[in-house]
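Colleague: Thanks for making time for this. Could you walk me through how some of the labels on this model were reached?

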Amino acid sequence: MSSKTVGIGDRFRDVAPSRITDNLGYVIISIPVTLLVVFFLIPTLYLFATTVFPREASGWYSFGFTLEHYARLFDSPIYRQYLMTTLELAAVTTVISVTLGYPIAYWIARVDSPAMKRGLLLMIVATMWITVIIRAYAVQVVLAGNGILNSLLIDLRLISEPITSSTGYLATIIGMVYGFLPFAILTIYTSIANINPKLEEASRNLGASKLQTIRHVVLPLSKNGVAGATALVFILAIGSYVVPMLLGNTSEWTLPVIITEQVNEQMNVPFGAVLSVVLTGLTVFFFLIAVKVLGLGSSELVGDTPEGETDGQ
């Protein structure tokens, strides 16, 4: 009986590590899947369900079914205006960020000194370490009526009275570009850095100017990075909350600001959920456009260039 017991124990010790090894992959993958289900899927489904819950007179909601919150969204032009403002701010921010980011990314990618290149990239990344609230207040300090910009222009006698203010459309756009420009630079930089510099040298040797080389050689080869930066900045800008809240007037408020106002001040959680669903739908819609219509994959969305495209072969 003793030998039988020892035999079963030996087989258990031989089989157990093997089973653990075989199932280790399932154990590891189950952790992020569980977190995704608990903290994303279930809250998202509950968010969708909340959109049809009736609102109580006390300001909260009860379990039930109604479409009045969706009807309010489509019947009220003010919320359609906020939706258009959100898209407009995101589009303007994207155009400015990509336009400014491309020459900066090109310059950094073509810096000869590796140490200087690392320093410039570190400076770009360091701006992302500053919290968005501090950056927003920095914009206010510069653009305020008695701020740095107006004081300098008045001292130089270029203007007689302040031309900017600490809040408004201009301040909101500058604040959003300040926040999202690093994303555009880093995405485009990765794409340009993968272009073989010998292609530019060949273009210059054939008589093309610097501008012609950038237009006909560098820009076409870095189009994936430009498209990736455009998609990334636009999707991020749609969800911008702090900058429009701090730097914008009521007319510059975006959907995230309105959602917060509906939930925290109006105590209208179901209508806030409807606006959240609209915002989520917009984000998914433009992401699908970037992936399907523009043909962007994961590598293009981070500015990488397909291998072999830039080697001139």
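Colleague: Happy to start with methionine 267: what makes methionine 267 count as buried, exposed or partly exposed?

Modeller: Keep in mind that this is a predicted model. Methionine 267 has a relative accessibility of 32%. Buried means under 20% and exposed means over 50%, so methionine 267 counts as partly exposed. You will find methionine 267 in the loop between helix H12 (255–265) and H13. Its phi is near 55 degrees, a positive value in a residue other than glycine.

Colleague: And why is arginine 157 called exposed?

Modeller: Its relative accessible area is 76%, and the cut-off for exposed is over 50%, so arginine 157 is exposed. Arginine 157 sits in the loop between helix H6 (148–155) and helix H7 (169–193). Arginine 157 is not a glycine, yet has a positive phi of about 60 degrees. Most residues other than glycine have a negative phi.

Colleague: Now the helices. Why is H10 called roughly antiparallel to H13?

Modeller: The axes of helix H10 (residues 223–238) and helix H13 (residues 269–293) cross at roughly 175 degrees and come within 10 Å. Angles over 145 degrees count as roughly antiparallel, so H10 is roughly antiparallel to H13.

Colleague: Which residues meet there, and of what class?

Modeller: From H10, Ala231, Phe234, Ile235 and Ile238 meet Leu279, Thr283, Phe286, Phe287 and Ala290 of H13. By class, this contact has 8 nonpolar residues, 1 polar residue and no charged residues.

Colleague: How do you know that residues 225–247 are marked as a transmembrane region?

Modeller: That comes from UniProt, in an unreviewed entry. In the model, residues 225–247 are 87% helix and 0% strand, with end C-alpha atoms 30 Å apart.

Technical notes: Residues numbered from 1 in each chain as written. Predicted model: local features only at pLDDT ≥ 70, side-chain atom pairs only at ≥ 80, totals over all residues. Heavy atoms only, no water. UniProt positions renumbered as here; feature names shortened; annotations may be inferred. Helix = DSSP H or I, 4+ residues; strand = E, 2+ residues; numbered from the N terminus. Axes fitted to C-alpha atoms, helices over the stretch in contact; angles between N-to-C directions. Parallel < 35°, antiparallel > 145°, perpendicular 65-115°, else oblique. Contact = heavy atoms within 4.5 Å. Nonpolar A, V, L, I, M, F, W, Y, C, P; charged D, E, K, R; others polar. Buried < 20%, exposed > 50% of the residue type's maximum accessible area, 1.4 Å probe, protein only.
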